Amino acid sequence: MKTKDLDSLAQTLVQSVESPIPRPSGGGSPQGFPQDLWKTPCYASLTMTHERILLIEDEPDIAEVLQYNLEKEGFAVETARRGDSGLEAVRREAPDLILLDLMLPGMDGLELTRLLKRDGTTARVPIVMLTARGEEVDRIVGLELGADDYISKPFSPREVVLRVKAVLRRKKPEPTPSDREPDLAVGGIQLDVAGHQLRIRGEEIPLTATEFRLLRLLMERAGRVQTRGQLLTDVWGYAEDIDSRTVDTHIRRLRRKLGPEADRIETVIGVGYRLRP
Ligand code: CA
């Protein structure tokens, strides 16, 4: 079956959730479904793979257009109009990703990020911030707090969908050749790859999913310079023309977590970063 066919089938399935497709009398597949496909488990799995996005945005027009475009792509979208009700929704729904406006009534986006990242049950939910012009400082603070990405307003809904997909893609655990991947060790830095655990000179340090991927890549390629473009592509899954300050911010955060081993991440001026073996 071609991708295009699958896309249109998925679309039909999305619609069918809202308005059930009438089944012909006497059984058989509902209108629009190939007979063989209707009977396979594929139907069930397609309807169940919807990833859930919580959109916290007080601007009704923006919320509406984003919700429409994300649902069109097959995401299940829930919305909140305030920071405090957004926080409740995260705790209640455990979404796969949060799209978060920064200026919100009730509680602002940065405070919300701080609370979510501090709580072990919500710390790993990826956050993509929606930021307005003139919120440069807030954006950097947000990334420092552990947000995974930001999108500047005004944005195209298509850009938002692509970023959301990229963030979700890199959150998924990579297929592993064996159950147990070997640990990585460089100097006093020990990374348990299977368990997603970092130890610095024996002390356990929590990492976000993005920090883990970044550190793992630097350790696997220790001694070799990685350009910002390479890191954006390999860690974030982006093409190279996206703002490379994202990389710098995450490196800064990672260095802080490495503590006494921080200077192992060397800045190669004008190029990128290298982990000193
Ligand atoms: Ca707002």
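Hi everyone, let's start with burial: of the 277 residues in the protein chain, 26% are buried. Please keep in mind that this is a predicted model. As for secondary structure, the chain comes to 11 helices and 12 strands. And if you take the contacts with a separation of 6 or more, residues 24 or more positions apart account for 57% of them.

Now, where do the buried nonpolar residues gather? The largest nonpolar core has 31 residues. Which of them have the most contacts inside that core? Those are I53, I56, I98, L99, L100, V128 and M129. Let me stay with I56 for a moment. If we set aside its neighbours within four places in sequence, I56 touches A80, G83 and G86, then I98, L99, L100 and D101, and also L104. I98, L99 and L100 are therefore worth pointing at twice, because they appear both as partners of I56 and among the residues with the most contacts in the core. Apart from this core lies another one, of 17 residues, with W236, L254, L258 and Y273 among them.

On to the helices, and I have two pairs to show you. The first is α4, residues 60-72, with α8, residues 157-171. Their axes come within 10 Å and cross at roughly 55°, which makes α4 oblique to α8. The crossing of α4 past α8 is right-handed. Who makes the contact? From α4 we have V65, L66, N69 and L70, and from α8 we have P157, V160, V161 and V164. By class, the residues of this contact are 7 nonpolar and 1 polar, with no charged ones.

The second pair is α9, residues 209-220, and α10, residues 228-236. Here the axes lie 10 Å apart and the packing angle is about 125°. Are these two helices parallel or oblique to each other? With that angle, they are oblique. α9 also passes α10 in a right-handed crossing. On the α9 side, look for T210, R213, L214 and L217; on the α10 side, they meet L231, D234 and V235. The contact of α9 with α10 has 4 nonpolar residues, 1 polar and 2 charged.

So, if you are turning the model on your own screens, try I56 and its partners first, then the contact of α4 with α8, and then the one between α9 and α10. Thanks for listening!

Note on methods. Residues numbered from 1 in each chain as written. Predicted model: local features only at pLDDT ≥ 70, side-chain atom pairs only at ≥ 80, totals over all residues. Axes fitted to C-alpha atoms, helices over the stretch in contact; angles between N-to-C directions. Helix = DSSP H or I, 4+ residues; strand = E, 2+ residues; numbered from the N terminus. Parallel < 35°, antiparallel > 145°, perpendicular 65-115°, else oblique. Left-handed = near helix turned anticlockwise from the far one by under 90°. Contact = placed C-beta atoms within 7 Å. Nonpolar A, V, L, I, M, F, W, Y, C, P; charged D, E, K, R; others polar. Core = buried A, V, L, I, M, F, W, Y, C linked by C-beta atoms within 7 Å. Buried ≥ 20, exposed ≤ 12 C-beta atoms within 10 Å, placed from the backbone.
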